[in-house]
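User: I would like to learn how to read strand pairing, burial and ligand contacts in a model. Could you walk me through this one?

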Amino acid sequence: MIRINAHYQKLEADYLFADIARRVDAFRSRHPERDIIRMGIGDVVHALPAACIAAFRRAVDEMASDEHFRGYGPVQGYDFLREAIARHDFQARGAEVGADEIFVSDGAKCDIGSIQELFAGDIRIALPDPVYPVYADTNVMAGRTGAASDGRYQGLVYLDCDAANGYLPRLPDEPVDLVYLCFPNNPTGATITHEQLRQWVDYARDTGALILFDAAYEAFIRDERLPRSIYEVPGAREVAIEFRSFSKTAGFTGVRCAYTVVPRKCMARDPEGVPVPLRELWHRRQATRSNGVAYPVQRAAEAVYSADGRQQVQALIDGYHANADGIRRSLREMGLAFSGGEHSPYVWVDSARDSWEFFDLLLYEAGVVCTPGAGFGRCGRRHVRLSAFNGAANVGTAMTRMAAVLAGRGA
Ligand SMILES: Cc1ncc(COP(=O)(O)O)c(C=O)c1O
């Protein structure tokens, strides 16, 4: 028989959300009468903006005639979308990013998971804890770690994020080649200021490290003074790759469209020490492995930047912000410590007990599903993540039930 990639056997148990789904399904089959409110999974609930739907339809109609039909698209995505992205997401904010540095894809998850293919097998990797599990897991699969022990993979440098440091990772105190950063953060909801991000860019420039900056939640930033892109920091173009997604911005989780920015000046070195532009490597990788994103999807994404699209996207974000505000208000009334939710759809709650125990309590007693912090790393073991991705009525009911359970009255 053929042998498997044995690194997969190092992966801890199940993927977090599969584990949650299994517990919820088991509960539902035992209690089919109970109404369950999902405050856990980070999936949006509202319809696509009308401007996106209209553009989607128009593009589908184009595909219905031989005259306008389009087959395989360009490797990096259509110009119309990449130019709109460069103009609105970067140049309008003073960040120097060109359309030729943008790679449109079907998801930030795939890009974040695949980018590690560009690097040597023995690089040293730093990542925050708690963290979006994809960063660690894809490096485990690639064989860059040892076995898992007590919630951590040997060989990775974990940067603890807790209330004491405001959920901001410290600069590594040992040499690393690659650093994963995520702001606004999943799961903690933490954000980073220009000055704090500048320290990371300076660190990368001083040490030769590369930063992988995951900005999937930038649309939730409410304070105009906070950076939405790492390229708003001078000098970042040489040392950072950025990942963005239309998933949480415009409700594209099911449609699938995202993009990655690899600036022309961003370099790594070959075994002889010769600098190699990472943009060329990523282009080669995408040309080999991908045939891009559907034309109608790219037209729908382009519509996010139209006048109507921008207004409609803002209305969606405003709705989720209102939910997050409601969650934060309720938590304050319950006397629970928390962070996040201000520039993020996620509120990170100090559960003051084991996070799976708290998950079970909320599920069994309140019929509310949260995300146990343990799934995001050792530092999350006494936290749960609540998500604002829900209807306002559901959020209100979930918080009322949660308050009743914690006050000892049952749901
Ligand atoms: C931090 C972070 N990055 C990336 C993604 C994936 O985004 P996409 O839907 O574009 O694959 C998610 C999705 O939950 C996320 O939380």
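User: Which residue stands opposite phenylalanine 338 in β14?

Analyst: Phenylalanine 338 faces valine 349 of β14. A word on the basis first: this is a predicted model, where local features need pLDDT of at least 70, side-chain atom pairs count only at pLDDT 80 or more, and totals for chains, interfaces and linings use all residues. Residues are numbered from 1 along each chain as its sequence is written, and side-chain values use heavy atoms, with hydrogens and water left out. As for the terms, helices (H or I, at least four residues) and strands (E, at least two) are DSSP runs, numbered from the N terminus, and two strands pair if DSSP finds at least two bridges between them.

User: How many bridges join β13 to β14?

Analyst: Three bridges link β13 (residues 338–340) with β14, and the two strands run antiparallel. Their hairpin has five residues between the strands, and glycine 341 there adopts a positive phi near 85°.

User: What lies beside β14 apart from β13, and how covered is β14?

Analyst: β14 also pairs with strand β17 (residues 383–387), antiparallel and over five bridges. One pair to look for is tyrosine 346 with its bridge partner serine 387 in β17. For cover, we call a residue buried under 20% relative accessible area, exposed over 50% and partly exposed in between (1.4 Å probe, protein chains only). By that scale β14 (residues 346–350) is mostly covered, with four of its five residues buried.

User: What is the strand order of the sheet of four strands, and which strands stand at its edges?

Analyst: The order is β13-β14-β17-β16, an open sheet with antiparallel pairing. β13 and β16 (371–372) are at the edges; each has a single partner strand, so one side of each lacks a neighbour in the sheet. β16 meets β17 in the antiparallel sense over two bridges, and proline 372 has valine 384 in β17 as its bridge partner.

User: How do I read the sheet of seven strands?

Analyst: Follow the order again: β2-β10-β9-β8-β7-β3-β6, an open sheet with mixed pairing. Here β2 (102–105) and β6 (157–160) stand at the edges with a single partner strand each, so one side of each is left without a neighbour in the sheet. From one strand to the next, the twist averages 20°; axes are lines fitted to C-alpha atoms, for helices over the stretch in contact, and angles run from 0 to 180 degrees between N-to-C directions.

User: Which strands pair with β10, and are its faces covered or open?

Analyst: Strand β9 (residues 240–245) pairs with β10 (residues 258–261) in the antiparallel sense over four bridges, and β2 pairs with β10 in the antiparallel sense over four bridges. Threonine 260 is a good place to look: phenylalanine 243 has it as bridge partner, and phenylalanine 103 stands opposite threonine 260 too. Glutamate 242, in turn, stands opposite valine 261. Both faces of β10 are covered, with Ala258 and Thr260 buried on one side and Tyr259 and Val261 buried on the other.

User: How many residues surround the ligand, and which are the closest?

Analyst: A residue is near a molecule or strand if one of its heavy atoms lies within 4 Å of it. The ligand is surrounded by 15 residues, the closest being Asn186, Asp214, Tyr217, Ser245 and Ser247. By class the shell holds seven nonpolar, four polar and four charged residues, where Ala, Val, Leu, Ile, Met, Phe, Trp, Tyr, Cys and Pro count as nonpolar, Asp, Glu, Lys and Arg as charged, and the others, Gly among them, as polar. α4 gives the most to this shell, with three residues.

User: Which atoms of asparagine 186 and arginine 256 lie 2.7 Å and 2.8 Å from an oxygen atom of the ligand?

Analyst: In asparagine 186, an N or O atom of the side chain is 2.7 Å from a ligand oxygen atom. In arginine 256, an N or O atom of the side chain is 2.8 Å from an oxygen atom of the ligand. Alanine 108 uses a backbone N or O atom instead, 2.8 Å from an oxygen atom of the ligand.

Terms used
A polar contact is a pair of N or O atoms within 3.5 Å; within protein, one must be able to donate a hydrogen and the other to accept it, and residues adjacent in sequence count only if both atoms are side-chain atoms.
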